[in-house]
Amino acid sequence: MPIAVDAMGGDYAPEEVVKGAVAAAREGIPMVLVGQQAVLEPLLAELKGQLPVVHAPQVIGFHEQPTQAVQAKPDSSIVVGISLLQQGKASAFVSAGHSGAVVAASLFILGREEDIERPALCVLYPTPQERPVLVLDVGATVDCRPSYLVQFAHMGSVYMEKVLGIARPRIGLLSTGEEEIKGNRLVREAHPLLKEAGLNFVGNVEAKDILRDKAEVIVTDGFTGNVVIKGAEGFAEVMVQQVSQALGKRKRFQSALRLFRRAVDYSEFGGAPLLGVRGNVIVAHGRSQAPAIKSAIRLAYQAAERGF
């Protein structure tokens, strides 16, 4: 079953989205593009891509209020693409468009998983141990109750087991200190609930230890998680720029610099799975170019192939 790709979503859509989709298709991943047919077909012809297009004349812009936009634009690429998933005509939906609209449309059209109160967006980070860590929520639910964090932990644990094959992953709770008494009210109230949740809970984890093999899944509220990943992204971009300037064109450093750039480049990791809805939805970075789109499609395909 094909992956439905929102060809109109993102800062560099539709050109970079189409390029990434064509590249993924050449690796044998089946997909369908969703968007304005008159715009997409010439791009596909230029790239010699043979992908089907489902026409969606409307586009939801980043400036629009998510819920209102989803309701006002039923023929948008986001709504049409998620509807294909709900109808069983696609195995996943990938979009670099308005993340709030993707979350809203997923809730309206797909609905929540049983016993899940709120969805969560999660991101995978590589670690020096070559064992990725999953951080959630990173923006779907900014105001959380303690029970939400427990549900995020369960969803993250299942994802790591089913998609990445990591048995009984360690669960950490993002906090300002390792001690159980540390953290804000939400963290302090969630801690005892996580201890009794039947998960492999290892306690609080500080932000400085996210990549230090303390846990495979780290849970937090969507506001804090979003600040963490955007702070990390900005820091990484500045570091790459400074290292590049410092090393210049010295050949002996170029291979190491390329490895470092790949280690901090979001395009290497694909998109953010939206957990807690009844479907396989991946939200890619709004600034995604072709390599990032290709990675997001590959991530969606991997999850679909493993029955997630």
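This is a guided tour of selected residues and elements in a predicted model, to be followed with the structure open in a viewer.

**Stop one: two helices that pack together**

Begin by selecting residues 15–25, which form helix α1, together with residues 37–47, which form helix α2; these two helices pack at an angle of about 50 degrees, with their axes 10 Å apart. Angles that are neither roughly parallel, roughly antiparallel nor roughly perpendicular count as oblique, and α1 and α2 are therefore oblique to each other. Their crossing is right-handed. To see where they meet, show the side chains of Glu 15, Val 18, Lys 19 and Val 22 on α1, and those of Leu 40, Leu 43, Leu 44 and Leu 47 on α2, which make the contact. Sorted by class, this contact has 6 nonpolar and 2 charged residues, with no polar ones.

**Stop two: unusual backbone geometry**

Before going on, keep in mind that most residues other than glycine have a negative phi, and that most peptide bonds are trans.

Select Pro 14, which sits in the loop between β1 and α1, and look at the peptide bond that leads to it from Ala 13, which is cis, with omega near 0 degrees. A cis peptide bond also joins Leu 136 and Asp 137, where omega is about 0 degrees, and Asp 137 belongs to the loop between β6 and α6.

Now move to Lys 48, in the loop between α2 and β3, where phi is positive, at about 60 degrees, although the residue is not a glycine. Is Lys 48 buried or exposed? Its relative accessibility is 66%, and because a value over 50% is the mark of an exposed residue, Lys 48 counts as exposed. Select Arg 168 as well, in the loop between α6 and β7; this residue other than glycine also has a positive phi, near 45 degrees.

**Stop three: Ile 82 and Leu 134**

Next, select Ile 82 in helix α4, which spans residues 77–86. With a relative accessible area of 0%, Ile 82 is buried. Leaving out residues up to four places away in sequence, Ile 82 touches Phe 93, Val 102, Ala 105, Ser 106, Ile 109 and Leu 110. If you draw a distance from the C-alpha of Ile 82 to that of Val 94, the viewer should span 9.0 Å, between residues that are 12 apart in sequence.

Continue to Leu 134 in strand β6, which is also buried, with a relative accessible area of 0%. Beyond its neighbours within four places in sequence, Leu 134 is in contact with several residues, among them Cys 122, Val 123, Leu 124, Tyr 159, Met 160 and Ile 218. For a longer step along the chain, find Gly 270, which is 136 residues from Leu 134 in sequence and 13 Å from it in space, C-alpha to C-alpha.

**Stop four: Ser 95**

Select Ser 95, in strand β4, which covers residues 92–95. At 1% relative accessibility, Ser 95 counts as buried. What does the side chain of Ser 95 reach? It reaches the backbone nitrogen of Gly 97, at 2.9 Å. Farther off in sequence, the contacts of Ser 95 include Asp 6, Ile 78, Val 102, Ile 282, Val 283 and Ala 284.

**Stop five: Ser 175 and Asn 204**

From Ser 95, travel to Ser 175, 80 residues away in sequence and 31 Å away in space, C-alpha to C-alpha. Ser 175 lies in the loop between β7 and α7, and it is buried, with a relative accessible area of 10%. Its side chain reaches the backbone oxygen of Lys 182 at 3.4 Å. The residues in contact with Ser 175, apart from neighbours within four places in sequence, include Gly 183, Val 187 and Asn 204.

Finish by selecting Asn 204 in strand β8, which runs over residues 200–205. Asn 204 counts as buried, at 7% relative accessibility. Which backbone oxygen atoms should you show beside its side chain? The side chain of Asn 204 reaches the backbone oxygen of Gly 177 at 3.2 Å, and a polar atom of this side chain lies 2.9 Å from the backbone oxygen of Glu 179. Among the other residues that Asn 204 touches are Leu 173, Ser 175, Glu 178, Lys 182 and His 191.

How values were computed. Residues are numbered from 1 along each chain as its sequence is written. This is a predicted model: local features need pLDDT of at least 70, side-chain atom pairs count only at pLDDT 80 or more; totals for chains, interfaces and linings use all residues. Side-chain values use heavy atoms; hydrogens and water are left out. Helices (H or I, at least four residues) and strands (E, at least two) are DSSP runs, numbered from the N terminus. Buried means under 20% relative accessible area, exposed over 50%, partly exposed in between (1.4 Å probe, protein chains only). A polar contact is a pair of N or O atoms within 3.5 Å; within protein, one must be able to donate a hydrogen and the other to accept it, and residues adjacent in sequence count only if both atoms are side-chain atoms. Contact means heavy atoms within 4.5 Å. Axes are lines fitted to C-alpha atoms, for helices over the stretch in contact, and angles run from 0 to 180 degrees between N-to-C directions. Angles under 35 degrees count as roughly parallel, over 145 as roughly antiparallel, 65 to 115 as roughly perpendicular and the rest as oblique. A crossing is left-handed if the near helix is turned anticlockwise from the far one by less than a right angle, and right-handed if clockwise. Ala, Val, Leu, Ile, Met, Phe, Trp, Tyr, Cys and Pro count as nonpolar, Asp, Glu, Lys and Arg as charged, and the others, Gly among them, as polar.
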